[in-house]
Structures are given as C-alpha cells and as structure tokens.
Amino acid sequence: MKVIGHIFNNYDEKFGIPRQSGIVNNISKISFEDEFNNYSFFKGLEEFSYIWLIWEFSENTDKDYKAMVRPPKLGGNEKKGVFATRSPFRPNSIGISSVKVTKISNENNKIEIYVEGADIKNGTPILDIKPYLPYTDIHSDATNGFADSDIKAKYDVCIKINDITLPCKLLSEIADVLGQNPAPGYKDKDKGAYKIYYAGLNIEYLLDNNQICIKKIYKTNDFK
C-alpha cells in the first residue's frame with residue numbers, strides 16, 4: 001500500500017489526541033510525496049467541504065492484535081470485539097477520519113491541504129483521500145452503541161500560571177485539547193496530576209472532578 005503523504009499538527013504524542021475526529025477543531029496540514037504532488041490528483045476536491053482521510057496507525061504496525069480489546073471510555077475493564085471498536089490495535093493498522101477542508105494550497109509547485117478536526121498524530125502517513133458525501137455518509141437513524149453520544153467537551157479548563165507568554169490562539173487550542181479530558185474513562189472522576197506534550201510544549205495539569213487546571217507549561221529543553 002502506498003503512502004501518499006503525511007499529516008502535520010501539534011499532536012506530539014498519542015495522549016491528548018481527541019478520541020474521534022471533529023471533537024477539537026485544530027488545524028492540520030497534509031503534505032504529499034513527490035509522486036502525488038501534482039494538482040491533477042486533486043482537481044475538483046475544492047468543491048467538497050469535508051473529506052475522509054484514510055491513514056496508518058504507524059506506531060502500531062509492529063504490535064499484535066487481539067479479538068477482544070478494552071475500550072478506554074468503558075473504564076478499561078469491559079471487553080468488546082476489535083471490529084466493534086476503533087482501537088488502533090487491528091489486523092490491519094488503518095484508521096479513518098472525517099475532517100473539514102479549510103484550504104487547498106498550490107503554491108511553489110507544492111500541494112498542501114489544510115484540514116480542521118483531525119484526530120491524528122503529527123507525522124502520520126496518509127494512505128488515501130476521498131470526498132465526504134452527506135447524502136450517503138450521514139445516517140440519521142444510526143445508533144452509537146456503547147460509544148459516546150455527546151462529543152462536546154465536558155470539562156472546565158483553568159490556567160493557574162502568572163507568566164503566560166504564549167499566543168492566545170495556542171492557549172485556546174490547549175484548552176480545547178484538555179477540555180475533552182484525555183485521561184482514560186476509568187479516571188474521568190478521579191483527582192490526579194497528568195502531563196501532555198502539545199506543540200512542542202510540556203503541559204502539566206490537575207484533574208479535579210469536572211475541572212482541569214493547568215499548572216505549568218514549558219518547553220522540553222527548558223526543564224528537567
């Protein structure tokens with residue numbers, strides 16, 4: 001299977017990435033391999049507002065899969081069949097995400113697509129792109145099964161730091177990422193200290209029931 005490109009964003013690690021696409025509306029950029037860096041491959045794509053990304057769980061390609069997995073949102077204690085989940089540990093390490101197209105750039109002989117709402121780690125290989133068609137891809141009678149029915153952030157985020165020098169937009173992104181509470185489901189109601197890596201930053205925060213408080217933000221090289 002050919003890799004057509006890679007996606008780039010601020011998700012530096014798996015912890016903190018939204019559990020589904022569209023939950024956090026951060027921007028990602030897709031750049032393409034030389035073979036596909038030709039506008040002929042993309043002509044007409046600008047007519048669609050959303051696309052499907054087919055991508056590779058590249059960090060799991062050498063890991064085993066099992067018939068039964070433990071979805072984090074079920075507390076990690078209940079097993080479901082792998083084909084009834086979106087677990088990354090699959091017989092074929094393939095993921096799909098629906099994302100909003102914000103820009104298709106064709107400058108300096110380089111094709112780049114900017115998308116909103118990706119739930120994909122920085123640097124992940126992209127295998128294919130397909131247009132999202134609402135008349136067939138939306139099913140109003142679909143049920144969510146054991147998955148969440150409400151993807152909106154449920155946690156208030158506060159920043160208890162005096163010397164914040166980060167741009168407001170980046171702070172807003174960080175708040176959006178933390179607002180969906182990256183911790184596994186069985187920790188949703190716990191109190192505890194956590195850390196995520198986002199946009200080249202270490203972010204330490206405290207989870208206290210339905211509130212998340214950022215306690216420290218620093219670059220990796222600035223603190224040990």
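**A disulfide, a barrel and an aromatic cluster**

Cys213 is buried, with a relative accessible area of 8%. This value, like the others in this passage, comes from a predicted model. Cys213 does not stand alone: together with Cys158 it forms a disulfide, with the two sulfur atoms 2.2 Å apart. A disulfide is a covalent bond between the sulfur atoms of two cysteines. The link between Cys158 and Cys213 is right-handed, with 130 degrees about the S-S bond. Distant parts of the chain are joined in this way, since Cys158 belongs to strand β9 (residues 156-159) and Cys213 to strand β12 (residues 211-219), 55 residues apart. Cys158 has a relative accessibility of 17% and therefore also counts as buried, the limit being under 20%. The count of disulfides comes to one.

Cys168, by contrast, is in no disulfide. The nearest cysteine sulfur is that of Cys158, 17 Å away. With a relative accessibility of 67%, Cys168 counts as exposed.

A further pair of residues involves the loop between β11 (201-208) and β12, where Asn210 is found. Asn210 is partly exposed, at 39% relative accessible area. Between Asn210 and Asp156 the C-alpha to C-alpha distance is 6.5 Å, although the two are 54 residues apart in sequence.

Turning to the strands, six of them close into a barrel, and following the order β1-β2-β7-β6-β3-β8 leads around it. The pairing in this barrel is antiparallel. From one strand to the next, the twist averages 45 degrees. One of the pairings joins strand β2 (residues 27-32) to strand β7 (residues 110-116), in the antiparallel sense and over five bridges. Here Ser31 stands opposite Glu112 in β7.

Aromatic rings offer another view of the structure, which holds seven aromatic pairs. One of these brings together Tyr50 and Tyr132: the ring centres are 5.9 Å apart and the planes meet at 50 degrees, so the pair is tilted. Tyr50 lies in strand β3 (residues 50-56), whereas Tyr132 lies in the loop between β8 (125-131) and α1 (134-137), so this pair ties together parts that are 82 residues apart in sequence. The two tyrosines fall into separate accessibility classes: Tyr50 is partly exposed at 36%, while Tyr132 is buried at 18%. Ring pairs also bring in Trp52, linking Tyr50, Trp52 and Tyr132 into a cluster.

Terms used
Residues are numbered from 1 along each chain as its sequence is written. This is a predicted model: local features need pLDDT of at least 70, side-chain atom pairs count only at pLDDT 80 or more; totals for chains, interfaces and linings use all residues. Side-chain values use heavy atoms; hydrogens and water are left out. A disulfide is a pair of cysteine sulfur atoms within 2.5 Å. Helices (H or I, at least four residues) and strands (E, at least two) are DSSP runs, numbered from the N terminus. Buried means under 20% relative accessible area, exposed over 50%, partly exposed in between (1.4 Å probe, protein chains only). Two strands pair if DSSP finds at least two bridges between them. Axes are lines fitted to C-alpha atoms, for helices over the stretch in contact, and angles run from 0 to 180 degrees between N-to-C directions. Rings of Phe, Tyr and Trp (its six-membered ring) pair if their centres lie within 6.5 Å; planes under 30 degrees apart count as stacked, over 60 as edge-to-face and the rest as tilted.
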